[in-house]
Amino acid sequence: MSETKPVVLLAEELSPATVDALGPDFEIRTANGADRAELLPAIADVDAILVRSATKVDAEAIAAAKNLKVIARAGVGLDNVDIKAATQAGVMVVNAPTSNVISAAELTVGHIVSLARRIPAASASLKAGEWRRSKYAGVELYEKTAGIIGLGRIGALVAARLQGFGMNIVAFDPYVTAARAQQLGVQLVELDELLASSDFITIHMPKTPETVGMLGAEAFAKMKETAYVVNVARGGLVEESDLYTALKDGQIAGAGIDVFSTEPSTDLPFFELENVVVTPHLGASTEEAQEKAGVSVAKSVRLALGGELVPDAVNVAGGVIDEKVRPGIPLIENLGRIFTALTTDSLVSLDIEVAGEIAALDVKALELAALKGIFTDVVSEQVSYVNAPVLAEQRGVASRLITTADSPEYRNQLNLRGSTSDGTQLSVSGTLTGPKQVEKLVGIDGYEIEIPIAEHLVVLRYQDRPGVVGALGAILGERDVNIVGMQVAPSDSDAEALAVLTVDNALSEGVLDAIRDAVGATFAREVNLT
């Protein structure tokens with residue numbers, strides 16, 4: 001008797017590539033998810049359901065699906081999925097968070113170009129039998145200033161594309177470092193300065209209580225009369241009634257809008273204005289984005305029904321990662337990368353210790369993140385939360401997760417302790433501090449330090465004596481390397497000190513050797529987390 005295959009329901013039209021990505025191991029069924037009377041019976045015995053935006057997988061649908069293990073949304077948003085109800089039912093929810101980033105960035109640029117050159121209005125006029133060149137004179141983008149609110153994946157892609165037009169780029173994003181902005185060729189400014197100085201303003205923020213209505217009457221009043229506003233991110237970020245007033249009164253020059261507070265929207269007041277370009281939520285509406293989204297979630301469904309952790313899971317294995325645990329994931333991943341950079345031989349064993357208040361919570365995700373960090377810079381394949389444990393097993397690395405409520409120095413502390421094949425013991429520790437949850441390195445091999453984790457670190461151990469700090473400054477200064485921060489920790493036992501420096505850029509060839517020779521360092525390593 002043949003084994004029964006898991007059942008996957010395609011509740012909306014998905015690309016053939018999506019079905020191919022699922023493979024032959026599943027029974028594929030189809031249904032019209034937008035038709036409630038058809039959906040509820042169709043979902044009753046399925047193991048997974050794939051949807052886009054028309055199908056509402058709410059508490060009623062989840063309750064009707066007795067075998068459901070995975071809800072997969074082939075797209076970015078999850079407004080049509082009841083994540084809380086799914087989690088309570090032990091159902092994993094996955095989406096495709098990066099599938100539309102290029103398409104959304106390109107549509108943003110399309111709106112900007114359309115506004116600058118008045119393309120839609122000129123096209124409509126010519127099709128109506130008019131030839132009015134002077135009426136539709138536009139402006140160049142060259143040397144204009146583009147203000148990007150939100151410098152995440154899409155914002156960064158928009159910045160790169162607008163730089164190709166010779167535009168000056170400024171951005172507001174409280175969660176992006178100056179170093180990251182510099183890397184993107186973007187100047188970070190405060191929001192008010194961006195509003196006042198920009199010729200084109202595009203917003204790429206998540207929709208939260210803090211960002212709803214972010215661009216409203218107060219913001220429009222601070223803009224140039226020649227400024228244009230674009231929103232291809234989320235409906236509600238731009239206050240629609242205030243936008244109409246600003247456009248009507250000439251406070252701003254025009255707007256390009258792809259998303260709306262209520263969708264579908266077909267008759268908003270500002271639709272009548274010639275200086276407005278509107279599109280019906282087309283940010284992800286390209287063949288490439290649709291295919292990427294479908295293929296991505298199909299792969300996630302395969303992993304989930306195979307019992308593996310899914311990188312794009314919104315809730316992990318039916319249980320969300322606690323909000324108190326989540327900020328520790330990038331921290332411990334960075335600690336893993338630092339640990340690997342400091343090792344002298346292949347790793348044999350690793351203890352991942354979670355100390356403090358969060359130790360009482362489910363911290364399994366921190367173990368996976370630590371392993372991901374350990375292998376990120378030492379294997380050729382891409383490392384994910386799914387394959388990191390496999391890589392450890394393949395390389396004979398025994399890992400264990402240890403939890404303890406005892407954390408005398410910090411509220412929570414994450415520690416990695418391991419042994420390498422040459423018998424060396426190594427440990428690194430980190431914590432998160434302050435309202436902004438700054439990642440800090442707080443210990444290396446028993447030395448106590450406290451220094452923010454940066455993209456470029458230098459770790460030294462040397463005989464503790466006067467003049468070393470000055471020598472380090474001289475060597476790096478001669479080579480135009482700026483020291484951003486430095487911590488020195490003396491040792492009571494062997495009179496060797498440990499120094500950790502954060503620097504602006506990766507060291508050029510020979511600099512580390514020069515440092516080692518100048519201070520007589522017994523250990524010198526560079527750590528690059530870019």
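In the predicted model, the protein chain comprises 17 helices and 22 strands. Its C-alpha atoms occupy a box of roughly 85 × 70 × 35 Å along the principal axes. Of the 530 residues in the protein chain, 49% are buried. The domain assignment divides the chain into four parts: domain 1 (7–97 + 288–306), domain 2 (100–278), domain 3 (317–453) and domain 4 (455–529). Domain 1 is thus assigned as two segments, 7–97 and 288–306. A distance of 53 Å separates the C-alpha centres of domain 1 and domain 4.

Two further C-alpha separations were computed between individual residues. A521 and Y136 stand 69 Å apart in space, C-alpha to C-alpha, with their positions 385 residues apart in sequence. A521 belongs to the loop between α17 (511–519) and β22 (523–528). Because its relative accessible area is 11%, under the 20% limit, A521 is classed as buried. For Q437 and H456, which are 19 residues apart along the chain, the C-alpha separation is 19 Å. Q437 is located in the loop between β16 (425–433) and β17 (438–444), and this residue is partly exposed at a relative accessible area of 37%.

Salt bridges were examined next. The structure contains 25 of them. Side chains of opposite charge can pair when their charged atoms come close. In one such pair, the side chains of K224 and D199 meet with an N to O distance of 2.9 Å. This pair links distant parts of the chain, 25 residues apart: K224 sits in the loop between α10 (217–221) and β10 (228–231), and D199 in the loop between α9 (191–197) and β9 (200–203). The two partners fall into separate accessibility classes, as K224 is partly exposed with a relative accessible area of 29%, whereas D199 counts as buried at 11%.

A salt bridge also joins K248 and E272, whose closest N and O atoms are 3.5 Å apart. Here too the pair links distant parts of the chain, with K248 in helix α11 (residues 240–248) and E272 in the loop between β11 (254–257) and β12 (276–278), 24 residues apart. K248 is partly exposed, its relative accessible area being 48%, while E272 is exposed at 55%.

A further salt bridge is formed by the side chains of E496 and R461, at 3.4 Å from N to O. E496 is part of strand β21 (residues 496–503) and R461 is part of strand β19 (residues 456–463), so the salt bridge ties together parts of the chain that are 35 residues apart in sequence. E496 is buried, with a relative accessible area of 11%. Elsewhere, E27, R29 and D45 are connected in a network of salt bridges.

Charge on the surface was considered separately. A patch of negative charge is made up of E106, E287, E288 and E291. The greatest contribution to this negative patch comes from helix α12 (residues 287–305), which supplies three residues. E291 is placed in helix α12 and is partly exposed, with a relative accessible area of 39%.

Several features of backbone geometry were also noted. The peptide bond between E263 and P264 is cis, with omega at about 0°. P264 lies in the loop between β11 and β12, and E272, described above as a salt-bridge partner of K248, is in the loop between these two strands as well.

Positive phi values occur at two residues that are not glycine, E143 and D480. For E143, phi is about 65°. The residue is situated in the loop between α6 (119–127) and β6 (145–149), and E143 counts as exposed at 54% relative accessibility. For D480, phi is about 60°. D480 is in the loop between α16 (468–478) and β20 (483–489), and its relative accessibility of 74% likewise places D480 in the exposed class.

Key
Residues numbered from 1 in each chain as written. Predicted model: local features only at pLDDT ≥ 70, side-chain atom pairs only at ≥ 80, totals over all residues. Heavy atoms only, no water. Domains from an automatic or database assignment. Patch = residues over 30% accessible without salt bridge, like charges linked within 9 Å, V, L, I, M, F, W, Y side chains within 5 Å. Areas by Shrake-Rupley, 256 points an atom, 1.4 Å probe, with all protein chains shown as cover. Salt bridge = Lys/Arg side-chain N within 4 Å of Asp/Glu carboxyl O. Lys, Arg positive; Asp, Glu negative; His and termini not counted. Charge placed at Lys NZ, Arg CZ, Asp CG, Glu CD. Helix = DSSP H or I, 4+ residues; strand = E, 2+ residues; numbered from the N terminus. Buried < 20%, exposed > 50% of the residue type's maximum accessible area, 1.4 Å probe, protein only.
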